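Got the model loaded and a selection box ready? Let's take a walk through it, one pick at a time.

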Amino acid sequence: MGRTCMCIKERTTEKTTGYKLVNPNNMNNPIEIAQTSFKEISRRFPGLKMHIHADAPVELCMDIPRQEKLAFDVHLNLQNNDELHLASGHFWCEWFPCSEQKKADQYIDAVSGLLAGKYRIVEHYHGKKAVKAELQIPENDRWKTIAAWATFYLPFPWLKKHYEVLQNV
């Protein structure tokens with residue numbers, strides 16, 4: 001079954017992040033960018049167990065398993081040399097090129113928001129099949145989608161539609 005990652009919507013923040021993502025002498029090294037991103041996420045969530053996998057079939061991979069302070073598994077990785085990926089539940093999307101500071105910052109923000117419970121994933125089902133998953137942020141008393149995953153499906157009217165929400169509370 002194929003997966004399609006839909007366009008990531010632009011989002012700006014006015015606050016400063018308080019960290020420097022890359023070494024100015026090595027601005028385009030995706031491995032260093034991913035390592036620094038993963039370290040920043042680890043620093044922000046010291047109470048979560050996170051595992052780096054050196055043997056994964058991608059350039060760099062970190063899993064954050066379901067645990068007492070996390071209601072679902074989260075998988076982070078760098079692949080295709082410049083794509084930072086976030087996967088959880090049926091949601092999967094990439095931020096690229098990661099050598100752009102803005103993209104790396106958006107990735108760290110998305111992962112941090114999801115882990116902190118500020119952001120959520122809404123999974124759309126037709127029958128038992130997940131057909132769409134959206135990463136959402138709160139905005140003006142509503143939820144705004146900032147990234148989405150979808151797959152091909154035929155919307156048979158007799159299949160029951162339902163939604164499941166992944167949010168760390």
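Start by selecting Val-74, which sits in strand 4; helices (H or I, at least four residues) and strands (E, at least two) here are DSSP runs, numbered from the N terminus. Before going further, note that this is a predicted model, where local features need pLDDT of at least 70 and side-chain atom pairs count only at pLDDT 80 or more, while totals for chains, interfaces and linings use all residues. Residues are numbered from 1 along each chain as its sequence is written, and side-chain values use heavy atoms, with hydrogens and water left out.

Is Val-74 buried or exposed? Val-74 counts as buried, at 2% relative accessibility; buried means under 20% relative accessible area, exposed over 50%, and partly exposed in between, using a 1.4 Å probe and protein chains only. Now show what surrounds Val-74. Setting aside neighbours within four places in sequence, Val-74 is in contact with Met-62, Asp-63, Ile-64, Leu-86, Ala-87, Ser-88 and Leu-115, where contact means heavy atoms within 4.5 Å. Draw a distance to Leu-115 while you're there: the C-alpha atoms of Val-74 and Leu-115 are separated by 8.6 Å, although their positions lie 41 residues apart along the chain.

**Out to the sheet**

Switch to cartoon and colour the strands. You should find 5 strands in an open sheet, ordered 2-3-4-5-6, with antiparallel pairing; two strands pair if DSSP finds at least two bridges between them. In general, strands of a sheet pair through backbone hydrogen bonds, either parallel or antiparallel.

Which strands stand at the edges? Pick strand 2 (51-52) and strand 6 (91-95): each has a single partner strand, so one side of each is left without a neighbour in the sheet.

Next, highlight strand 4 (residues 74-79) and strand 5 (residues 83-88), an antiparallel pair joined by 5 bridges. Click Gln-79 and look across to strand 5, where its bridge partner is Glu-83.

**The loop between them**

Select Asn-80 and Asn-81. Asn-80 is in the loop between strand 4 and strand 5, and Asn-81 is found in that loop too. Check the backbone torsions: phi of Asn-80 is near 55°, positive in a residue other than glycine, and phi of Asn-81 is near 70°, again a positive value in a non-glycine residue. For context, most residues other than glycine have a negative phi, and most peptide bonds are trans. Turn on the surface and you'll see Asn-80 count as exposed at 51% relative accessibility, while Asn-81 is partly exposed at 47%.

**A cis bond on the way to helix 2**

Jump to Phe-96 and Pro-97. A cis peptide bond joins Phe-96 and Pro-97, with omega about -10°. Pro-97 belongs to the loop between strand 6 and helix 2.

**The two helices**

Follow the chain into helix 2 (residues 101-116), which lies across strand 3 (60-64), strand 4, strand 5 and strand 6, and runs at about 15° to strand 5. The axes behind such angles are lines fitted to C-alpha atoms, for helices over the stretch in contact, and angles run from 0 to 180 degrees between N-to-C directions.

Now add helix 1. How do the axes of helix 1 and helix 2 cross? They come within 10 Å and cross at roughly 30°. Helix 1 and helix 2 are therefore roughly parallel to each other, a label for angles under 35 degrees (over 145 is roughly antiparallel, 65 to 115 roughly perpendicular and the rest oblique). The crossing is right-handed, meaning that the near helix is turned clockwise from the far one by less than a right angle (anticlockwise would be left-handed).

To see the interface, show side chains for Ile-33, Ser-37, Phe-38, Glu-40, Ile-41 and Arg-44 in helix 1, which meet Ala-104, Tyr-107, Ile-108, Val-111, Ser-112 and Leu-115 in helix 2.

**Last stop: salt bridges**

The structure holds 4 salt bridges, each a side-chain nitrogen of Lys or Arg within 4 Å of a carboxyl oxygen of Asp or Glu. Zoom in on Arg-43 and Glu-40, whose closest N and O atoms are 2.6 Å apart. Both residues lie in helix 1 (residues 30-44), 3 residues apart, about one turn of the helix. Arg-43 counts as exposed at 54% relative accessibility, whereas Glu-40 is buried at 7%.

Then select Lys-132 and Glu-134, a salt bridge with its closest N and O atoms 3.5 Å apart. Finish at Glu-139 and Lys-144, where the salt bridge has a closest N–O distance of 3.8 Å. Elsewhere, salt bridges that share partners join Glu-40, Arg-43 and Arg-44 into one network.
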